[in-house]
Amino acid sequence: MLEQPQSPFIQRTISINGSPMVDDREEELSRSALALYKEKEDEIERRKMEVRDRVQKKLGLAEEATRRLAEIREELEALTDPMRKEVSAIRKRVDAINRELKPLGQSCQRKEREFKEALEAYNEKNKEKAMFVSKLVELVTESEKLRMTKLDELSKSIDVSLR
């Protein structure tokens with residue numbers, strides 16, 4: 001008699017009955033249990049493959065999205081770089097002009113102050129001149145009156161002497 005490896009289910013049946021004969025019904029149950037087990041294993045493997053496929057598909061989509069985002073980021077950086085350079089250049093130019101304007105503004109303020117002082121001095125001298133011109137006119141007028149009076153006296157004295 002050949003000995004075959006037996007499942008624990010069959011061994012238990014043998015030990016209970018005490019005889020090495022396995023009846024057909026138990027063998028059929030054993031085969032159907034094995035077939036059911038194999039079927040379940042196949043189902044699990046099939047589902048595992050489906051899940052793996054879905055995960056791979058999602059990973060592929062994620063990689064594609066990452067690649068697209070990287071391209072978009074590069075395009076955005078390329079767009080901002082020229083503007084950033086132009087803005088930086090203009091800001092530097094504005095700063096340079098501000099540095100040039102500061103001493104010019106100070107010079108302008110100093111010259112305005114000097115102009116005001118000169119204008120005040122001019123106006124003061126002009127008032128002084130006007131006062132002296134007025135005094136001069138007054139003196140000249142008085143001198144002419146005196147000379148006229150003297151001339152009149154001389155003229156009368158000549159007339160008196162000639163008569």
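**Entry 1: the whole protein**

Accessible areas here come from the Shrake-Rupley method with a 1.4 Å probe. I looked up the total for the protein, and the accessible surface comes to about 15,900 Å². Carbon and sulfur atoms own 58% of that surface.

I noted early that this is a predicted model. I therefore checked the confidence, given as pLDDT, the predictor's confidence in each residue from 0 to 100. The mean pLDDT of the protein is 85. I found that 84% of its residues reach 70 or more. Residues 1-15 are a weak spot in confidence, with pLDDT below 50. This stretch has 11 contacts in the model beyond near neighbours in sequence.

Next I asked how many helices and strands there are in the protein. I found 2 helices and 0 strands. Helix H2 covers residues 24-162.

How much of the protein is made up of buried residues? I read 4% of the 163 residues.

**Entry 2: Leu69 and its patch**

I turned to the surface and looked for a nonpolar patch. Leu69, Ile72, Leu76 and Leu79 form one. Together they have about 410 Å² of accessible area.

I picked Leu69 for a check. Leu69 sits in helix H2. Is Leu69 buried or exposed? Its relative accessibility is 54%, so Leu69 counts as exposed. The cut-off for exposed is over 50%.

**Entry 3: Thr66**

I moved to Thr66, which is also placed in helix H2. Thr66 has 52% relative accessibility, so it counts as exposed too. I then asked what lies 2.8 Å from a polar atom of the Thr66 side chain. I found the backbone oxygen of Ala62 there.

**Entry 4: salt bridges**

I searched the whole structure for salt bridges and got 8. I went through three pairs.

*Glu43 and Arg47.* These two form a salt bridge. Their closest N and O atoms are 3.0 Å apart. Both residues lie in helix H2, 4 residues apart, about one turn of the helix. I compared each residue with the cut-offs. Glu43 has a relative accessible area of 28%, so it is partly exposed. Arg47 stands at 53%, so it counts as exposed.

*Arg67 and Glu71.* Their side chains meet in a salt bridge, at 2.5 Å from N to O. Why are they separated by about one helical turn? Because Arg67 and Glu71 are 4 residues apart in helix H2. Arg67 is at 40% relative accessibility and so counts as partly exposed. Glu71 is at 38% and also counts as partly exposed.

*Lys125 and Glu128.* I read 3.9 Å, N to O, for this salt bridge. The pair lies in helix H2, 3 residues apart, about one turn of the helix. Lys125 has 57% relative accessibility, so I put it down as exposed. Glu128 has 33%, so I put it down as partly exposed.

I also asked which residues are joined into one network by salt bridges that share partners. I found Glu43, Arg46, Arg47 and Glu50.

**Entry 5: what I keep**

I keep the picture of a predicted model with 2 helices and 0 strands. I keep the nonpolar patch, which includes Leu69. I keep the salt bridge of Arg67 and Glu71 in helix H2. I also keep a warning about residues 1-15, where the pLDDT is below 50.

Methods. Residues are numbered from 1 along each chain as its sequence is written. This is a predicted model: local features need pLDDT of at least 70, side-chain atom pairs count only at pLDDT 80 or more; totals for chains, interfaces and linings use all residues. Side-chain values use heavy atoms; hydrogens and water are left out. Patches are made of residues with over 30% relative accessible area and no salt bridge: like charges are joined within 9 Å, nonpolar side chains (Val, Leu, Ile, Met, Phe, Trp, Tyr) within 5 Å. A salt bridge is a side-chain nitrogen of Lys or Arg within 4 Å of a carboxyl oxygen of Asp or Glu. Buried means under 20% relative accessible area, exposed over 50%, partly exposed in between (1.4 Å probe, protein chains only). A polar contact is a pair of N or O atoms within 3.5 Å; within protein, one must be able to donate a hydrogen and the other to accept it, and residues adjacent in sequence count only if both atoms are side-chain atoms. Contact means heavy atoms within 4.5 Å.
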